Amino acid sequence: MEVKASDYPSAGMLPKGLTQVDEFLSKNPTFDGRDTVVAILDTGIDPAAIGMQTTSTGKPKVVDFIDCTGIGDVQMEPAQKCSDKNPLELVGASGRTLKLNPNWKNPSGDWYVGSKSLYSIAPAEVTGELGKERRMLHTEKHEAMQLSIAKHQQQHGDGDYSSAKIEALDNLKRLYQDCGPLLDCVVFHDGNQWLAAIDTEESGDFAEIPAMGAYKSTGDVGMLCKRHLLYYTVNFYDNGKILSIVTPPHIHSTHVSGIAAAFDPEEPVYMGIAPGAQILSLSVGDKRTGMMETGIGLIRAVNAIIEYNVDVANMSYGEPSSTSNEARVDRLLTVAEA
């Protein structure tokens, strides 16, 4: 089959003509992966990605997003209750006073708080740009303070004292270290399910923030960083004591999932090989190890494959090894196949 220049880049990314997928689907339109679940063991899918919303039959494209690495885990502090004096206020894990949403229902009155560094779960592209923005703001504040001190020095002549202030500010600017935004998290049970809310503005004000449930039961998707379009889902473990914030720390998994099963009726050229299939997103690439997978992450992924009765598992991921089929995860996969 001849590939025309006008077909670039889709022909290179999804060569369905060369692989005869288009011809096969035209003859067998219902053989498009429907009623099949494909697990993608990779870096985690972007829940807002075009083509990753529904299948060709209208089912949700992604059945669940699971962080197998544990990098998004938030260990919640012991339950606390609001006081009679301030029935909608808590002390957050960050130390901030948290103002709760009055529409939240919490029959038990037990609230669990925790915090998470945005830098620990965001892609490098986001942390890099956000870091530049925060450093610029920090520098602007320091320069404004130094200018104010210099003007005061000229007007009042307290030379040594003002010079010491300016020197101290210079040292602080030189020693600048950005740990990134610290996000307060609140978890509670509404009588039916666990819910969570995250303060992405670092304001402590949850009054207008909607609470999210686990994606597999609610389909809830939130946004951690609006400027950088960083979306997330949540899971709960150990009876609400652990909140799992699931983000895609790299684009690789979204790319792989698009090849496998993207469904985009407005742009058919970008549809995947099996647009009818559903996806189980399993994040095994650990940001703490340079996106390398770990044994425990793979074992958690295998457990999820068994739990969700997955039909096909794809792992376009890995590195050279001196041995093959010898690790514990291989033995678990053998059990899963059985």
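Before we start, a word on terms: a strand here means a DSSP run of E of at least two residues, numbered from the N terminus. With that in hand, hello everyone, and please keep in mind that this is a predicted model.

Let me begin with Asn106. Where is Asn106 found? Look in the loop between β5, residues 97–99, and β6, residues 112–117. Is Asn106 buried or exposed? Its relative accessible area is 14%, and the cut-off for buried is under 20%, so Asn106 counts as buried. As for company, the side chain of Asn106 makes a polar contact of 3.1 Å with the side chain of Ser108. If we set aside neighbours within four places in sequence, Asn106 also touches Trp111, Phe188 and His189.

Now let's move over to a sheet. This one is open and has four strands, in the order β2-β12-β1-β15, with parallel pairing. At the edges are β2 (62–67) and β15 (312–314); each has a single partner strand, so one side of each is left without a neighbour in the sheet. From one strand to the next, the twist averages 15 degrees.

For those of you who like the chemistry, strands of a sheet pair through backbone hydrogen bonds. Here, β1 (residues 37–42) and β12 (residues 278–283) run parallel and are joined by six bridges. To pick out one pair by name, Leu41 has Leu282 in β12 as its bridge partner.

Last stop: helix α6, residues 252–261, packs on this sheet and touches β1, β12 and β15. The direction of α6 makes about 155 degrees with that of β1. Thanks for listening!

Methods: Residues are numbered from 1 along each chain as its sequence is written. This is a predicted model: local features need pLDDT of at least 70, side-chain atom pairs count only at pLDDT 80 or more; totals for chains, interfaces and linings use all residues. Side-chain values use heavy atoms; hydrogens and water are left out. Two strands pair if DSSP finds at least two bridges between them. Axes are lines fitted to C-alpha atoms, for helices over the stretch in contact, and angles run from 0 to 180 degrees between N-to-C directions. Contact means heavy atoms within 4.5 Å. Buried means under 20% relative accessible area, exposed over 50%, partly exposed in between (1.4 Å probe, protein chains only). A polar contact is a pair of N or O atoms within 3.5 Å; within protein, one must be able to donate a hydrogen and the other to accept it, and residues adjacent in sequence count only if both atoms are side-chain atoms.
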